[in-house]
Number of protein chains: 2
Amino acid sequence: METEHLVIADYFIQAIEQAVYQEGERLPSESELREQFGVKRSVARRAVARLCDSGWITTIQGKGSFVAARSTPLTYALSSKTAFTEEMMKNGVIAHAELLHWEKRTANQHERRLLHLDHADWVYQLEIRRRAGRLPLSMTTTCLVERIVPDLELHLDPFVSLYRILSGIYRLQPQRLSSVVRASLPNADDAAQLEISAQSPILQVESLVSHRGIVPIEYSRSRIRGDLQESCVSFS
Amino acid sequence: METEHLVIADYFIQAIEQAVYQEGERLPSESELREQFGVKRSVARRAVARLCDSGWITTIQGKGSFVAARSTPLTYALSSKTAFTEEMMKNGVIAHAELLHWEKRTANQHERRLLHLDHADWVYQLEIRRRAGRLPLSMTTTCLVERIVPDLELHLDPFVSLYRILSGIYRLQPQRLSSVVRASLPNADDAAQLEISAQSPILQVESLVSHRGIVPIEYSRSRIRGDLQESCVSFS
DNA sequence: AAGTGGTCTAGACCACATT
DNA sequence: ATGTGGTCTAGACCACTTC
C-alpha cells in the first residue's frame, strides 16, 4: 500500500476539524502512531509530514506534533480594490511588507504584451514579502511601468506598502482588472522565504492592475501560503 | 541536504518552460540523473516525483518520464455565470460530468446558515466528477435546496450537466454570488478520483449560487486538479 | 536478459528537549 | 540517559517494457 499514511492523515484531519484535538494539543508521537495503527516508522512519518504540509499541525523537534493555531484562515478579498495591508487590517492582523529586492530593466515580451509597452519601455521589478504578524504570508513579484512611476527608487526606503506609494506619491488609483489563480508547489526559494516545506501547496495569483480602470500600470504574481490564507471573490 | 532534489526539479522546470525539453520528450532516466547530478537514487526519485506531482511530466513504468502535454492550462472564468460544460467548450474541449452519488437529507448547521434554511428544510447532495476529454478535472460536492428543486432525483438519470437541469427543468437562472479559493492537498478519495498523486496540489473553490441573484439555491465545494486548470477572475 | 520506474524495509546517525 | 522528531543510506523486491 502506498496510501497507508493517507488513512492516518485523513483520520487526524477529521479529528481536528471536529475539535477532538484542540488547538495546541499534542498528537501521539511517532512511536505511538506505529503502535496504534500498526505501521512502520516510514508510514507514520509520512502521515505526520502530510498533516504538516497541509498546515494542520506543526512539529517541533524533540517535543512532538501540535495542532496548528489557525483554524480560521485569513480571507483576502480579491476584488477590484487592491490594498493588501488595508485588507489584512479587517482581519484584525497587523500586516507588513518587506522589499527584498528591486531592479530597473527593459520589459520582456510577456510584459510588453500585458502592459501595452513597446521595446523602448522600462519597468521596475519588485520582490516583496508580506507578513501577517510574524508569519510569512506571501511572496510577490511585481512589475511596474517606469513611465508611470518615474524615480520609484527614491521612494522605496523605508518601504511600508506598495499601495501607499502608488496612491500617496504618484496619485494613482490602482484597480485590479483581472486575476488568475492556480494551485501549485513552491520552488526552493519561495519555500524558504515563506518558511514552509517544499511540499506545502501554494496559491498563485497573477493580477493585472490599472489606473482608473484604463491605464495598465502593474503586473504581479503572488505566491501565497495555502495553509494561512484564502482568497474570496464576490460578485455584486 | 534535504533540498537537493529541488535543485534538480527546478532545473527541469526551467528547461521545460524554455522549451529545451519539448512536449512528449523523454527526460533522463533515474540512473542517468544519478550520474549527471551525482546524487543517490532517492534524491533522483524525489526530483522526478516532484515534477510529476506538479504536472510537468508523467512517468510510465518501464519506459521513463515524459514532458506532459498541456503547456497551456485550461482557464475557467470564475464569473457570476456558472456553467461548467459551456465554459469548457470555449477552450475547445469536450467536457462531461458524471454523477457519482446523490442523497437527500436534512440540512446541517453550516448549510442552514449559508442557504438561509431552517431545521425543517431538506437538501440534495450531489457528488460530481467533471472531465475534459478523458482527463478528470474536478470533484464537486454540491448541496441544493430541496424546496427549489423538488423531485430532483427524477431528472438525474441520464446526467449530463447540472446547469442544464437547473435551467432546463426548473427554469432557474443560477448566478454565482461569491467564491472562496484555497490551495490544498487532496484527501485519499479525491486523489484517486482525480487520478493524481496525493502530493499534487489542488485548487479548492467554494461557491454560493443563487437564482436571479437573490434566492440562494446551491452551495458547492469543488476540488480542481492544480496541474490542469486555472481559474480566472475578471472585473469589468 | 537488461533497463526502466515503483515500493518497501531495517537501520544508522543526527539534533533537540526533558528528566 | 531517554524520548522525540529529522535525515540519509544501501539494498531488496516487484512490475513493466524492450530487445
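**Figure 1. The area buried between chain B and chain A in the predicted model.** About 2900 Å² is buried between chain B and chain A, and carbon and sulfur atoms give 62% of this area. The model is predicted. B:R50, B:L185 and B:F235 supply 22% of the area that chain B buries against chain A, which is more than any other three residues. The size of an interface is often given in this way, as the accessible area lost when the parts come together. In terms of contacts, 36 residues of chain B meet 36 residues of chain A.

**Figure 2. Elements and residue types on the side of chain B that touches chain A.** Across the interface of chain B and chain A, six residue pairs are in polar contact. The count of salt bridges between chain B and chain A is zero. Two helices of chain B, α1 (4-17) and α3 (41-53), each supply at least two residues of the side that touches chain A, and so do the strands β7 (174-184), β8 (202-211) and β10 (229-234) of chain B. The largest share, nine residues, comes from β7(B). By type, the residues of this side of chain B divide into 17 nonpolar, 13 polar and six charged.

**Figure 3. How the two copies are related.** A turn of 180 degrees, with a shift of 0.0 Å along the axis, lays chain B on chain A with an RMSD of 0.0 Å. The two copies are therefore related as by a two-fold rotation axis. The same surface serves both copies, as 100% of the contact residues of chain B recur in chain A.

**Figure 4. The annotated N-terminal region of chain A, residues 2-70****.** For these residues of chain A, an unreviewed UniProt entry lists "domain: HTH gntR-type". Over residues 2-70, chain A is 51% helix and 12% strand. The C-alpha atoms at the two ends of this stretch are 30 Å apart.

**Figure 5. A salt bridge between A:E30 and A:R41****.** The closest N and O atoms of A:E30 and A:R41 are 3.0 Å apart. A:E30 lies in helix α2 (residues 30-37) of chain A and A:R41 in helix α3 (residues 41-53) of chain A, so the pair links parts of the chain eleven residues apart. Side chains of opposite charge can pair when their charged atoms come close. Over all chains, the structure holds 24 salt bridges.

**Figure 6. Backbone details in loops of chain A and chain B.** Most residues other than glycine have a negative phi, and most peptide bonds are trans. In chain A, the peptide bond from A:D157 to A:P158 is cis, with omega near 0 degrees. A:P158 is in the loop between β6 (135-145) and α6 (162-169) of chain A. In chain B, the bond from B:D157 to B:P158 is cis, with omega near 0 degrees, and B:P158 is in the loop between β6 (135-145) and α6 (162-169) of chain B. A:A19 has a phi near 60 degrees, a positive value in a residue other than glycine. The place of A:A19 is in the loop between α1 (4-17) and α2 of chain A.

Technical notes. Residues numbered from 1 in each chain as written. Chains lettered and ligands numbered in written order. Predicted model: local features only at pLDDT ≥ 70, side-chain atom pairs only at ≥ 80, totals over all residues. Heavy atoms only, no water. UniProt positions renumbered as here; feature names shortened; annotations may be inferred. Helix = DSSP H or I, 4+ residues; strand = E, 2+ residues; numbered from the N terminus. Least-squares fit on C-alpha atoms with pLDDT ≥ 70 in both. Contact = heavy atoms within 4.5 Å. Buried area = accessible area lost by both parts, 1.4 Å probe. Salt bridge = Lys/Arg side-chain N within 4 Å of Asp/Glu carboxyl O. Polar contact = N/O pair within 3.5 Å; in protein donor to acceptor, adjacent residues only side chain to side chain. Nonpolar A, V, L, I, M, F, W, Y, C, P; charged D, E, K, R; others polar.
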